[in-house]
Each structure stands twice: as C-alpha cells, then as structure tokens.
Amino acid sequence: MTTNDALLAIGSGLQLYREYLVRSLHARARAHGLDLVLLNNIEPTWQREYFDEFAVANLFDHEILAERGREIAKRRRIVGLMCWDEPLVQPAADLAEELGVPGLSSQGVRGCRDKNHTRSVLTAAGMLQPKFELTHNVEQARAAAARIGYPVVVKPQALGASMGVVLAANEGELDAAFGIAAGASTIGDEPFKGTALVEEFAIGPEISIDAAVYKGEYTPMFLARKRTGLEPYFEEVGHIVDADDPLLRDEALIGTLARAHRELGVDNGITHSEVRLTERGPLIIEINGRLGGDLIPFLGKTATGIDPGEVLVDIASGRRPTLTPTRSAVAGIRFGYPDRDRKVRSVTVPQHAPGLVTAAAMVEPGDKLRLPPGGYIARHSFVVCEASDPRRCDELLDAAADLVVLDGEPLDPLPEGETFTLPHGLLDADE
C-alpha cells in the first residue's frame, strides 16, 4: 500500500460527461506526488485507470457517505476533498470540514444549494435579486405570485439542470406550475421536498461562469452563453464559450459575483454561477458549489486551454491554481431533443463535420425520453464544435446537429399521478 498523501473524490460522474476531467485530475495529482481515492456509489469500471483506491457505498445516504469517508481517512492521510456531483456536494463539504481539509465550506455549499437561502442572503446584502417567496402549497404560491406580479418563475428549492423550473404567465398557469415544481422536488433531498420558490421573472440573456475561488479570491475561468428552449420550461439546449468574451472583463459582472461569493461564505473550490443580464444590471440566478455540467468545463478547456481538472487538484491540495489561458478559440455544444415523447430505437451521430470536436449518443435503445413536464433533460445526443468566432460556431453546431438521426417510437403521455424518471445516462451521476 502506498504511503502517499491522497485526495478524496466523492462520486465520479458519468464517463461520457467526466472522463476528460478525471484524466486531468490523475495527471495533476501525479505531478504533485498525490494519490487519488474514489468513494463511489457503484463499482468502478472506467475509473480504475485513474484512481489508486476505491470504496463503494450508497452515497445518497449521507450518513453512510460520512462514515465511509471517515474510514478512508483512518487508513489514508487525506489532504483534500473534491466533489463535482450536484446531489453530493453538501455531504462532501460537511465531510471536508470534519476532516479539516481544503474544500468548499459547509456553509458555502449550503448557501449555494438552497436557492431560498441564496436569495435571502444576497437580498439582505443589498444585491440585485428578484422578488421571491418560498411556498409549501398551491394556496401560498397563488398569494406569492399575486404579491410579486406576473409573470413568475416557479422552481424547486434545491435541484439543478433547470428540472421543474417553469414560467407562469398568469394566475391560470400558476397552479400547474406549482404542481410541476413541487413534483420535481421529490427526487431531491428530503428537507426540500414538496416546496417551490416563486420569484419575479428576470428579463435578459442568461450566462454561466465557472470560476476558481482560492482563499476567498474569486477568479473567472470561462464564461458560457446559454441557449434555452421548450418554453415555458427552461431546458438548456446548448452553450457557447468564447475565450475572449468581453464579459470576462466586465467589472460590474465580476465584482457582483465576487461579492456574492463572499456573502455566501464560499472561500475555496470551483463554482458555477448563472446570471441574467438585466437592464438593472447583472442578476445572479444561482451559484452552484461545483463545476458546471453540460460539458461546459470541456468547452472551457477547448476554448481557453485552462484545465479545470488541474485547477480542482491545485485548490483541493491547498495550492494557488494556474489560470492563465493558453488558447483563444470558441467552443460550443448543442443537445438533441426529440420532437415528442419517444422510446429510443437508435441514435446516430456524425463522425465528421466542419469544426466538429466530438459527438455522442446519450441514450441506449429502449430508453424513454419524456419532455417536460413528464420528464426532464430528454437529450438523445450532443455535438461539440470549435470555431474562430461565436457566430461561426453557432452555424457549425446547427449543421452538425442536423446530421444527428434519432429513430424512436412515440410514447403515450405519462399517466396522471405517475412520478417522472430520468433515463440512464442523462444525469451527471452514476445511477
């Protein structure tokens, strides 16, 4: 058994979404003379190439996660902890705090994960935020929407990937919107089930920023312009990262984000913030205590050369990260969605196309893709392209996406009262 100090990773995510990241983690850890230990919820397969030791446990039981983490720390000198899987960031932060190792603080992650808490803290600090109320039943939601004024956004208190987020334009749409948001919350953590946040709709383009926070110092790595679809829902259908995006030099935007991180107590780690650019200024929609999903960090690395895996290892081991761009390009991703609910027979993606970096099917034959509100993240594929400017990147993505072929049979609507499920492979989690 090696005696090297080790970094502990809580959950690996899916190979399709995260192997590029884990490959970089492995190389950077080796460069620092560190081992990597993985605490995962299923037996590792592809991960074996990159980790020196494994432990398997039901990570969705947070008490079990903590106990297995303590067991690992008894036999290994754990010097840092990493987690990039949304359902696990809070227990991972709690464990890092208990072990006294670098990582996002428990307070900081709690401030990010609970959207009501985020809104409350930033509003109390005098920062631009929408009017909002946390509601526990449809009557409260109706009253909140009447006070705030339509249109309103209704969303689960603590989910990611825009699941259960819906726009209600008037009182006639409010009841259904509350039911959708509260229903989606049932797949989340117990304290947040059955609730919904009702908030003022912020008008303006939406962006996301992945940033490194080292000893309280906030530094953006890359910025993505978001494309949403399937209105009145907010499904994220694509992103574009420009290494030379002028917003990276916008003092008001970066200053707002840095201050928000301080107010929420986020002092070490990588965060993924979502912001609306409104007429009143940048309005923070949410801050996540983890790297971005949707392969945004891969786009960032492709466009800028900044390697988020290296940054994660540096911060987790108490080192100042290297954040100097080595490339200046534009990279984008486009996700394929079915035209209606379908059971998948096959998905074919292009192997070659102008500007194509990679493309992949995201589902297997037999998987069921259900559009909101019967399901979320109903993606069958993605294409990633690189270009010299954002407009050209959009054109290349359009052309590559047109080459994707989905063969599937229509599905009947989800029976009333049946809880939606997400097809395997569509979440950044193992199961």
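The domain assignment of this protein divides the chain into domain 1 (5-103), domain 2 (105-129 + 202-327), domain 3 (131-200) and domain 4 (329-430). Please keep in mind throughout that what we are looking at is a predicted model. Taken over C-alpha atoms, the centres of domain 1 and domain 3 are separated by 34 Å.

Let me turn to helix α4, which spans residues 106-113. Six of the eight residues of α4 are buried, so the helix is largely enclosed by the rest of the structure. The buried residues are S106, G108, V109, G111, C112 and R113, and the elements that cover them include α3 (89-99), α5, α8 (251-264) and β13 (281-288).

One of these covering elements, α5 (residues 115-124), deserves a closer look, since α4 and α5 pack at an angle of about 100°, with their axes 5 Å apart. That angle makes α4 roughly perpendicular to α5. On the α4 side the contact is made by R110, G111, C112 and R113, and on the α5 side by K115, H117 and T118. If we sort the residues of this contact by character, we find one nonpolar, three polar and three charged. Of the α4 residues that take part in the contact, G111, C112 and R113 are also listed among the buried residues of the helix.

Next, the strands around β9. How many of the residues of β9 (residues 206-214) are buried? The strand is mostly covered, with nine of its nine residues buried, and this holds for both of its faces: E206, S208, D210, A212 and Y214 are buried on one side, while I207, I209, A211 and V213 are buried on the other.

As for its pairing, β9 is joined by eight bridges to strand β12 (residues 269-278), and the two run antiparallel; within that pairing, V213 has G269 of β12 as its bridge partner. Eight bridges also join β9 to strand β10 (residues 217-229), again in an antiparallel arrangement, and here Y214 stands opposite E217 of β10. The hairpin formed by β9 and β10 has two residues between the strands, and in this hairpin K215 takes a positive phi near 50°.

Continuing past β10, we come to L230, which sits in the loop between β10 and β11 (235-242). Although L230 is not a glycine, its phi is positive, at about 60°. L230 is partly exposed, with a relative accessible area of 31%.

A second leucine can be set beside it, namely L295, in the loop between β13 and α9. The phi of L295 is near 60°, which is again a positive value in a residue other than glycine. Is L295 buried or exposed? With 4% relative accessibility, L295 counts as buried.

The helix that follows this loop, α9, covers residues 296-304, and T304 is found in it. T304 is buried, with a relative accessible area of 2%. Leaving aside residues up to four places away in sequence, T304 touches M221, F222, A243, P325, T326 and R327. Two of the residues named there, M221 and F222, fall within the span of β10 (residues 217-229) that I described a moment ago.

Now to an open sheet of three strands, in which the order is β17-β15-β19 and the pairing is antiparallel. The edge strands are β17 (368-369) and β19 (405-410), each of which pairs on one side only. Strand β15 (residues 342-348) is joined to β17 by two bridges, the two strands running antiparallel, and K343 stands opposite K368 in β17.

I will finish with the peptide bonds that I would ask you to inspect in the model. Where does a cis peptide bond with omega of about 5° occur? That bond joins P372 and P373, and P373 is placed in the loop between β17 and β18 (381-387), so to speak just past the edge strand β17 (368-369). Another cis peptide bond joins Y150 and P151, with omega of about 0°; P151 is found in the loop between α6 (138-148) and β6 (152-155).

Terms used:
Residues are numbered from 1 along each chain as its sequence is written. This is a predicted model: local features need pLDDT of at least 70, side-chain atom pairs count only at pLDDT 80 or more; totals for chains, interfaces and linings use all residues. Side-chain values use heavy atoms; hydrogens and water are left out. Axes are lines fitted to C-alpha atoms, for helices over the stretch in contact, and angles run from 0 to 180 degrees between N-to-C directions. Helices (H or I, at least four residues) and strands (E, at least two) are DSSP runs, numbered from the N terminus. Angles under 35 degrees count as roughly parallel, over 145 as roughly antiparallel, 65 to 115 as roughly perpendicular and the rest as oblique. Contact means heavy atoms within 4.5 Å. Ala, Val, Leu, Ile, Met, Phe, Trp, Tyr, Cys and Pro count as nonpolar, Asp, Glu, Lys and Arg as charged, and the others, Gly among them, as polar. Two strands pair if DSSP finds at least two bridges between them. Domain bounds come from an automatic or database domain assignment. Buried means under 20% relative accessible area, exposed over 50%, partly exposed in between (1.4 Å probe, protein chains only).
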